[in-house]
Every structure is written in C-alpha cells, then in structure tokens.
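This report introduces a protein and its ligand to a reader who has not met them before. Please look over the sequence and the model before reading on.

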Amino acid sequence: MAWNKEFECMSLDDLQRFQLKKLNETISWLYEKVPPYRKKLDDAGIKPEGIKSLEKMQELPFTVKADLTGNYPFGLCAVPLKEVVRLHASSGTTGKPVTGPYTADDLEQWTECMARLVWAAGVREEDIFQNAFGHGLFTGGMGHHQGATRIGCTVVPTSSGMTERQILLMKDFGTTAIGCTPSYALTIAERAEEIGMPVKDLRVRVGLFGAEPWTLAMRSEIEERMGIKATNNYGLTELGGPGVAFECVEARDGMHINEDHFIAEIIDPITLQPLPLGEKGELVLTAVQRRAMPLLRFRTKDITSLTREKCPCGRTLVKMGRIVGRTDDMLIINGVNVFPSQIESLLKDIPEVEIQYLIVVRKKKHLDELNLKVEARREVYEAGPEKIAEIAKKIDDYIKGIMGIRVLVELAAPKTLKRSEGKAVRVIDERPK
Ligand code: DLL
C-alpha cells in the first residue's frame, strides 16, 4: 500500500494533466522571479504562461551544473532569503558547492516525498530506523530523518561514522531498519563480523541505501552479510536531495520516481534528443512543485533508463533503473569506454576477493594504464605470493575476456583499503588533464 495513494497510484492521464499544470506554474514563477531563467526562457521563445502540452517539454531550455555554480550561492534562488527556512549544499569536492535552499513549503514536500520512500521500503510505525546517513549539509541525513519521522517510526539519528557504536546501538535498541550509503553498509557489516556481532544475528531486516552508485553484485553482498532486504533510493542536492526516486520492497527492480514532483526524461547526452522508454541515456529532471530553487530540465549526468510497467506494489509511478554510471565518470581507457560499475560487478564473480577496490588510471608513455587494487580474502592472502599472483592473473584475464581491456591487478592485504563512511571514492584518475 502506498503512503499517498492518490499520487503514487494515479492514472497516466491524470498524472500528465497534473504535471502540465504544475510545470506551467513553475515556468511562470521562474520567469517572474529569476532573471537568469527569464533570459533562458526568452532565448528559447517560451512565454511566461508556459507550454501547451508535455510533448513540448523538449522546447524548454536545459539547466546544467555550470548554471548553478555560475550563480552561486543565491543567483537562481526564486525567493528572498527571509522565506528560505533551510539551506543544504553539496560537498563541492569538484569545485564550488551547489546550494540547496528550501521554503517552508519545499520542506513539507520533501518530507512527503521521503515519507513515501521510507514507507515503500516497508518501514512502519513499529520499526526502529537507524539513520546512518551523514547529518549536516549533505541532504541524506536530514531527508531520511524527516521522512521516517513522518511515518512515525522510532528514529535513531546516529549519522555516519563511529562504526562500532553504530553496531552496539543497533543491538541495544533493536534496530530493524538502517539507512546509509551502500559502501558504508558494507563497512558496518564487516566491522560487526570482526567484533563478533554479525548484523545477521541482530534484528535489522531492511536497508535504505543510496547516494552513490552500487551494483546488483554489491546489493547481494550486503543482503547476504547483513541478512536484510536492501532497497535503493536516488536523489541529488540540486533537486532537493533524496526523495526523487525509490524502490519498493515488493519488487526491488527499479526506483519509482515521484512524478507529481519531478518530470523525468532520458536524453542522448551527445545529440540532446529525447530517448524512448527502455533506452539508456542521461536522466533529465524538472522540479514542478518546488519554490525556492526549482530547476527546469536539469541534466543530472546520471545514466539510466525509464520503464512504465505494472508494478506488484500497485504504484503507477514510472521507474528508473540502477544508475549504471555518470557521463562524467566514464573512463576512456585506450579508446574503450569503461564504467567503474562494470568492474565492480565482475569482482563479485571472483570469490577470492572482497568488493573493496580502488581504480587508479595513469598515463604510461602514450597509453592509458588501469591499475586495480582489490582486497584479497584472508585465506587467499595467507596462502602466499604464488596464490596471490594466480588470483591477480585470473582477475586480469576475466576482465580482459569480458571488457576487452588489460588491467594491472594488485591484490591488497585484507583490510588495507580505506573503508567508506559516506560516498566511497573508487577512482583516482592521475592522467594529465
Ligand atoms: O546523494 C542525495 C541522496 C542522499 C540520495 C541519500 C540518496 C540517498 P548529492 O550528494 O548531491 O545528493 O549527490 C547526487 O549522487 O547525481 C548520483 O550521481 C549519485 N546518486 C545518488 N543516489 C544514487 C543511487 C545525494 N541510488 C549524486 N544510485 C547523483 C547511484 C546515486 N547514484
């Protein structure tokens, strides 16, 4: 059963009528309140009253990250700061941060979207939800906090880090649901095994994971080690944080998009033309109900596809697939396109290693060199250098056979790669830019 049946189970006709109305309100709002958008809309020949049908979406201008960083911090804000009740921001590891302002009404809508997400993962009033997403400027912690609080379950706001304490609280409080990044889930699972308190033996039954790419291989690893069902959820600071899309625990095969709040399109990142349902491309999102900083056709750089099929959970909301990569994290290795996620899924087929890895790309003379550091399981490492060399070769051959690239594999000693407490860093590209 959905949290908000009216919108989550709406017929397509009703939904599209609603989307068009909200979209046009947003266009008028931006035209009136945000000078850079007025210019964009004028340049595209769009009138303040908006468009006649959703098919005309393609005539609307795109928004890209540079529009946000170029107008940092408040240039795209559509309301005076006295109406802004919360400011989040992205970490800004690759330059200036991105601002995420909310009006009181935006916060309310975010809570609604997050309540849908937490509910869809199967969390109910009687659950104890340990929220190990980072609390702070990052939207993960506060977003899940608000949604879980709205559901009425018992929220334990541990934030991320202090892993041993997480595990002790999990045991003492009888945590039944956990939220964090998937890489941190693995860190917790591993530490819990080390201190003789495997998560499997505790009461946790469901995980709400997101904020970074993860493969199906990683999902089964987490599910096996924690003895839980793992759900995926997606969002981004630019569109208000998590709550854009979420998996239902019934199907766990794609994330329902909160379409009454976000219009989703898939485009070819080169031609910028829309792609049909089922085809992979760049996800483009338009926020139609936000007021502090709604964005039109934001190019997320995330690569996925959309499907609109009957879902066993009863929701009619379109689903987006797992993010297979970002247009900006695709590595080109001697002409071959490589997504880190492809390597991650292949590692699951090698029982001698953990899914703990680091990719380092270097330039050697004119050639690109992909170094893969991956952690050996203890018994393999202790078997000595011959065994280690044999497994490294096995991984290289396996990747070469499937992806067509040579990889320099280094088997690292157990527990030597840095463990993630938030978003894992999996790639270091040392090639000169
Ligand atoms: O990561 C918001 C979030 C918090 C989502 C908690 C889910 C759970 P940012 O820090 O702005 O916001 O990063 C957004 O992270 O464009 C994707 O590339 C990536 N990302 C987010 N969720 C997923 C996911 C939050 N489920 C960027 N799968 C996005 C893959 C994801 N990548």
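Does F18 count as buried or exposed? In this predicted model, F18 counts as buried, because its relative accessibility is 18% and the cut-off for burial is under 20%.

**Aromatic pairs**

Four aromatic pairs are found in a search of the whole structure. One of them joins F7 and F18 in a tilted arrangement, with 5.0 Å centre to centre and 55° between the planes. F7 belongs to helix α1 (residues 5–8) and F18 to helix α2 (residues 12–33), so this pair ties together parts that lie 11 residues apart in sequence. F7 is buried as well, at a relative accessible area of 14%. Another pair, Y102 and W110, is stacked: the centres are 4.8 Å apart and the planes differ by 20°. Both Y102 and W110 are buried.

**Charges over rings**

The charged end of R322 sits over the ring of W214, 4.7 Å from its centre. R299 lies over the face of F62, 5.9 Å from the ring centre.

**The ligand and its shell**

The ligand is surrounded by 20 residues, and the closest are N232, N233, T237, D302 and K423. By class, this shell holds eight nonpolar, eight polar and four charged residues. Strand β7 (229–236) and helix α6 (139–151) each supply at least two of them, and the largest share, five residues, comes from β7. Polar contacts of the ligand include the following.

| Ligand atom | Protein partner | Distance |
|---|---|---|
| nitrogen | A211, polar backbone atom | 3.1 Å |
| nitrogen | P213, polar backbone atom | 3.4 Å |
| oxygen | R326, side-chain N or O atom | 3.2 Å |

Taken alone, the ligand exposes 610 Å², of which the protein buries 92%.

Notes
Residues numbered from 1 in each chain as written. Predicted model: local features only at pLDDT ≥ 70, side-chain atom pairs only at ≥ 80, totals over all residues. Heavy atoms only, no water. Near = heavy atom within 4 Å. Polar contact = N/O pair within 3.5 Å; in protein donor to acceptor, adjacent residues only side chain to side chain. Areas by Shrake-Rupley, 256 points an atom, 1.4 Å probe, with all protein chains shown as cover. Helix = DSSP H or I, 4+ residues; strand = E, 2+ residues; numbered from the N terminus. Nonpolar A, V, L, I, M, F, W, Y, C, P; charged D, E, K, R; others polar. Phe/Tyr/Trp six-rings, centres within 6.5 Å; stacked < 30°, edge-to-face > 60°. Buried < 20%, exposed > 50% of the residue type's maximum accessible area, 1.4 Å probe, protein only. Lys NZ or Arg CZ within 6 Å of the ring centre and 35° of its normal.
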